[in-house]
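Student: I should like to learn how to read a protein model feature by feature. May we go through one together?
Tutor: Certainly; let us look at it first.

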Amino acid sequence: SEDVLSKDAGECAICLEDLQQGDTIARLPCLCIYHKGQVFLRMDIKFQEVACIDEWFEVNRSCPEHPSD
């Protein structure tokens with residue numbers, strides 16, 4: 001399900017960027033959370049747009065941290 005993060009929650013296991021308060025996230029049935037929708041990552045001075053869990057699910061339908069669930 002899609003949600004807005006209410007407090008900082010460590011790093012996204014997909015993009016390795018911090019999950020910060022106010023970020024739009026996806027919470028999977030296993031309760032793992034990842035960025036949802038568009039996230040802009042700073043890579044040196046250039047920004048890169050990623051969609052974390054959305055892009056992950058294009059190639060794999062399981063949780064990146066719990067692939068056997």
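Tutor: Please note that this model is predicted. Let us begin with strands β2 and β3, which form a hairpin with five residues between them. In the turn, Leu 31 has a positive phi of about 80°.

Student: How many bridges join strand β2 to strand β3, and do the strands run parallel or antiparallel?

Tutor: Strand β2 covers residues 24-27 and strand β3 covers residues 33-35. Three bridges join the two strands, and they run antiparallel. As one position to find on the screen, take Ile 25, which stands opposite His 35 in β3.

Student: Why should one remark on the positive phi of Leu 31?

Tutor: The general idea is that most residues other than glycine have a negative phi. Leu 31, in the loop between β2 and β3, is a residue other than glycine with a positive phi, near 80°. Leu 16 also has a positive phi, near 70°, and is found in the loop between β1 (2-4) and β2.

Student: Are Leu 16 and Leu 31 buried or exposed?

Tutor: The cut-off needed here is that a residue counts as exposed when its relative accessible area is over 50%. Leu 16 has a relative accessible area of 52%, so it is exposed. Leu 31 has a value of 62% and is therefore exposed too.

Student: What is the order of the elements along the whole chain?

Tutor: The chain has one helix and five strands. From the N terminus on, the order is β-β-β-β-β-α.

Student: How is the interior of such a chain to be read?

Tutor: In soluble globular proteins, nonpolar side chains tend to be buried together. Here, buried residues make up 28% of the 69 residues in the chain. The largest nonpolar core has 13 residues, and those with the most contacts inside it are Cys 12, Leu 19 and Tyr 34. Strands β2 and β3 are the elements that give two or more residues to this core.

Student: Which residues does Cys 12 touch, leaving aside those up to four places away in sequence?

Tutor: Cys 12 touches Glu 17, Leu 19, Tyr 34, His 35 and Cys 52. Two of these names, Leu 19 and Tyr 34, have just appeared among the core residues with the most contacts.

Student: His 35 has now been named more than once. Is His 35 buried or exposed?

Tutor: A residue is buried when its relative accessible area is under 20%. His 35 has a relative accessibility of 2%, so it counts as buried. This residue lies in strand β3, and its side chain makes a polar contact with the side chain of Asp 23, at 3.3 Å.

Student: Let us turn to the helix. What should I look for at Trp 56?

Tutor: Trp 56 is found in helix α1, which spans residues 53-59. With a relative accessible area of 26%, Trp 56 is partly exposed. A useful habit is to compare separation in sequence with distance in space. Trp 56 and Ile 14 are 42 residues apart in sequence, and their C-alpha atoms are 7.9 Å apart.

Student: Which residues does Trp 56 touch, again not counting residues up to four places away in sequence?

Tutor: Trp 56 touches Ile 14, Ser 62, Cys 63 and Pro 64. In the case of Ser 62, the backbone oxygen lies 2.7 Å from a polar atom of the side chain of Trp 56.

Student: How many salt bridges are counted, and which parts of the chain do they tie together?

Tutor: The count comes to two salt bridges. In one, the side chains of Asp 3 and Arg 27 meet at 3.6 Å, N to O. Asp 3 lies in strand β1 and Arg 27 in strand β2, so this pair ties together parts that are 24 residues apart in sequence. Asp 3 is partly exposed at 35% relative accessible area, and Arg 27 is partly exposed at 31%.

Tutor: In the other, Lys 36 pairs with Asp 54, and the closest N and O atoms are 2.7 Å apart. Lys 36 lies in the loop between β3 and β4 (39-43) and Asp 54 in helix α1, so the pair ties together parts 18 residues apart in sequence. Lys 36 is partly exposed at 25% relative accessible area, and Asp 54 is partly exposed at 26%.

Notes: Residues numbered from 1 in each chain as written. Heavy atoms only, no water. Pairing = 2+ DSSP bridges. Helix = DSSP H or I, 4+ residues; strand = E, 2+ residues; numbered from the N terminus. Buried < 20%, exposed > 50% of the residue type's maximum accessible area, 1.4 Å probe, protein only. Polar contact = N/O pair within 3.5 Å; in protein donor to acceptor, adjacent residues only side chain to side chain. Core = buried A, V, L, I, M, F, W, Y, C linked by side-chain atoms within 4.5 Å. Contact = heavy atoms within 4.5 Å. Salt bridge = Lys/Arg side-chain N within 4 Å of Asp/Glu carboxyl O.
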